[in-house]
Amino acid sequence: MKLSFFFIVLYMGAVRSEMFTSYEEMKRLADSQHQVAEHLSNFVEFCDKRLNIAKKIVGEFKKFSQESSKQTNIVGNPVNAFLLIKLMVKDLQNFVDSLNTMDELKKFVRDIKEDVFLPDNEDYEGVIKAMHRLEDTYLIQPNDIRLGNLKTQHPSRPLSAFECFELGRIAYENKDYYHAVRWMNESLVQLEIEGDSPSVSLVQVLDYYAFTTAKQGNIKHALDLTKKLVSIEPDHERARYNIDYFEKELKDYKKKLQGELGDPLDLSINPYIFKNPRPEHALGLERDVYEALCRGDPIPGKVSKNLYCRYASYHPMLKIAPVKEELINDNPKIWLYHEIITENQIEIMKNLARPKLKRAIVRSPITGQYETAEYRISKSGWLTDNEHPTLRFLTSLLGAVTNLSMSTAEEWQIANYGIGGQYEPHFDFARKSDPGDAFGTEIGNRIATWLFYLDSPEVGGATVFPPIGIRVNPIRRSAAFWYNLYPSGDGDYRTRHAACPVLFGTKWVSNKWIHMVGQEFLRKCNLKREDSPEVDY
Ligand SMILES: *[C@@H]1O[C@H](CO)[C@@H](O)[C@H](O)[C@H]1NC(C)=O
Ligand SMILES: *[C@@H]1O[C@H](CO)[C@@H](O)[C@H](O)[C@H]1NC(C)=O
């Protein structure tokens, strides 16, 4: 059965800039806010001046008409004639001419349009989608967002009903009826509170709410909302039509219950019972594990007795300054190195990367082309060792710590995550099913991943491994390291990992992918090839 009730036609603009994808650009935006405020206050001053002149002229005209109602033929007096003409020539026309040039207005428009770094519709939609993602991952209720109840060092003010409505409207426009229902409901709750000075029209909220809840299968709920709408605006044609439609749907359902209609009955879509299912996701069930790990929910599992913590100095480079090495998972091995990069080195990396940050792209499994994707939201840039001695030093430190050759390793990739910034579960190595010859025979596949944490976000941003239930907290100055391939060179599917969305604060990471070629004598094959099922996720 197809739903065919009606709704408003929508318009969406699309320009790319995506500031929300990186904290660095959001900071720039916070700065441009001062600029905008200054331009606006200049504009207000300009308008104020004109307004005062206009009011004065109005006052003069009023005086004249008062006088002329008292004495007929007022302009018989040449002085009055002079004053009236002066008022019209000098005061009024000068004023109108001064409006006509409009230089100030043009300057204002130019200032706002060209001089200031402004977000656009894309950013607006992006930041709202990011908030929805955070609701899901960290189980945040719209209620707590509306009231500004989130527990953070950086509190926010409560939201108006209009702002709640917007959070729902953007979801609706993206056919995300789950979040649309949540936020239209929240907007209604807030409208109650706003009473006589509503920030959005109740009719409009009811209209969207009824449509989206019907889309979720809640026909009875939609009917009630639409009836409420019609009680406020009896001439609302489309709503009246929808009422008939919903009533018929409910009647059909009852008939079906009584076996009067032929179709088999699908009890999962009872139109009387309120439900608001989350949309299906490409990750399927893995999404639940991913999100639970991101939240830090306890994941049942055995803790290996082989885990350890030590000062490691197995390489000459580490003799003077041993590294704090912790093995956090035994099979596959994942190491964590504490305080392995200095504040100074972190600043050097960030400063070199800042001008290079671009929206991260991923290789499409279908076309093999690189493109931006919803599931990878960050800005990143690449640095070569030639750009700074510190980078060269860090690369050789990696060589010492990992016992691997850096001769075929990739450049440094630096990434900065913004609001809700994330990278959903993925493999770092190229799989046999990937299109094309991903890395070629010159460097081979990505044998291992090194990941520096250049910041600790206040909440969120962990690195998680869903297949093995491991979560690595991003702690400034530490680094994680793991092998993506078995010694045989086969991909280790257990290393599928993700970067959780950042909830509060900022996340910077820097990673280096180390390749197969050059490691032949450093990491030898086992005598027996490991079992590595090519499970496709
Ligand atoms: C509507 O919002 C209120 C307040 O946040 C909440 O208690 C209620 O469960 C919500 N109802 C729905 C259907 O989402
Ligand atoms: C490097 O080799 C040393 C011993 O030679 C070993 O203790 C250490 O765990 C190795 N490091 C890694 C990351 O494999």
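**Notes on the core, helix α11 and strand β1**

1. In this predicted model, A180 is in contact with G168, A171, Y172, Y208 and T212, leaving aside residues up to four places away in sequence.

2. A180 also belongs to the largest nonpolar core, a set of 89 residues. It is listed there among the residues with the most contacts inside the core, together with M184, A210, A448, V464, A479 and A480. Two domains feed this core: domain 2 (121–269) and domain 3 (306–515) each supply at least three residues.

3. Helix α11 spans residues 286–295, and its buried residues are Y290, E291, L293 and C294. These lie on the same side of α11, because they cover an arc of only 160° around the axis. An α-helix has 3.6 residues a turn, so residues three or four places apart point the same way.

4. What covers that buried side? The elements over the buried residues of α11 include one helix, α4 (121–137), and the strands β10 (422–426), β12 (459–460), β13 (463–465), β14 (470–472) and β16 (497–499).

5. Just after α11 comes G296, which has a positive phi of about 85°.

6. How many of the 5 residues of strand β1 (residues 308–312) are buried? The count is 0, and the strand is hardly covered.

7. Strand β1 is nevertheless paired: 5 bridges join it to β2 (residues 323–330), and the two strands run antiparallel. Within this pairing, C309 stands opposite E326 of β2.

Key
Residues numbered from 1 in each chain as written. Chains lettered and ligands numbered in written order. Predicted model: local features only at pLDDT ≥ 70, side-chain atom pairs only at ≥ 80, totals over all residues. Core = buried A, V, L, I, M, F, W, Y, C linked by C-beta atoms within 7 Å. Buried ≥ 20, exposed ≤ 12 C-beta atoms within 10 Å, placed from the backbone. Domains from an automatic or database assignment. Contact = placed C-beta atoms within 7 Å. Helix = DSSP H or I, 4+ residues; strand = E, 2+ residues; numbered from the N terminus. Arc of directions from axis to C-beta. Pairing = 2+ DSSP bridges.
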